[in-house]
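Let's take a walk through this one, starting with its open space and then moving on to its rings.

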Amino acid sequence: MSSELAELRRELRQYANPRRVEELEWFYKTEPGGYGEGDKFLGPMVPQIRSVAANHFNLVRADLDQLFRSEYHEERLCGLVILTKQFERAKKPELRAELYDYYLSLYELGAVNSWDLVDVSANRFGRFLLGDPQRTERVMSRTKSENLWVQRSAIILTFPMIAEYDFEPTIATCTALVNHKHDLIHKAVGWAMREVGKRELTPLREFLEIHAATMPRTALRYAIEKLSPSERADWLSRKAR
């Protein structure tokens, strides 16, 4: 372990809060059979984790490798914040591509194993795909994974595209996953379509015309959250019918 990694871990543990650990274990479903089964926590708050990461944005790859193999959720989160900042600072296309591929490998490693770890990073790394002619195919390939977090990342990676009014990748991934069995995918689908609708209502309404009656209620409620009360009621009545 390098001296910088040892210092990062020491700083994180300064914020450790054993009283929060039980609450976090419940919140992230670490019980047997839960989506976060077996995950461990130290208890610092997210702003504290980010402040530690800010002190170590130049952490080398070998140290990041060790962070991503940590049993502690917060160490992996800290590593993702650092890696994301390195990606955002990278100027050379080849370095950005290398960091993007490294990021995707973390899903196979099992380092990205919770919704918060996906959401804090995938929406940033999705910028790598902006303007890529194969962007829809790339994210769609992730919907076919059996890994819940890879599937969720397929949707969240498209958020930078939504910001650029490029809705095709989002609609494609949401269509592929709209009837998924897990509520964490239902929430991602609804969240993404809500973001589309905040920019243009037509693609959201077209999606709802096809799926409102059959999509999970959680996804529907998220998707229509910013619509008028009367329009929300109309879409919900279609689900009821």
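Here is a short tour of a pocket, a core and some aromatic pairs.

The model is predicted, so local features need pLDDT of at least 70 and side-chain atom pairs pLDDT 80 or more, while totals for chains, interfaces and linings use all residues. Residues are numbered from 1 along each chain as its sequence is written, and side-chain values use heavy atoms, leaving out hydrogens and water.

Start with the largest pocket, which holds about 200 Å³ of space. (On a 1 Å grid over the protein atoms alone, a pocket is an open set of points where a 1.4 Å probe fits, with protein on both sides within 12 Å along at least five of seven lines; lining residues have an atom within 4 Å of a point.) Its lining includes Phe27, Trp115, Asp183 and Trp191.

Now the largest nonpolar core (buried Ala, Val, Leu, Ile, Met, Phe, Trp, Tyr and Cys residues joined through side-chain atoms within 4.5 Å; buried is under 20% relative accessible area, exposed over 50%, partly exposed in between, with a 1.4 Å probe and protein chains only). Leu83 and Leu208 are among those of its 67 residues that touch the most other members.

As for rings, there are 13 aromatic pairs (Phe, Tyr or Trp six-membered ring centres within 6.5 Å; planes under 30 degrees apart are stacked, over 60 edge-to-face, the rest tilted). Phe159 and Trp191 sit edge-to-face, 4.7 Å centre to centre with 65° between the planes. Phe159 is buried at 14%, whereas Trp191 is partly exposed at 24%. Ring pairs also link Trp26, Phe27, Tyr28, Phe41 and Trp115 into a cluster.

Definitions and conventions. Points joined across faces, edges and corners; volume = space filled by probe spheres on them.
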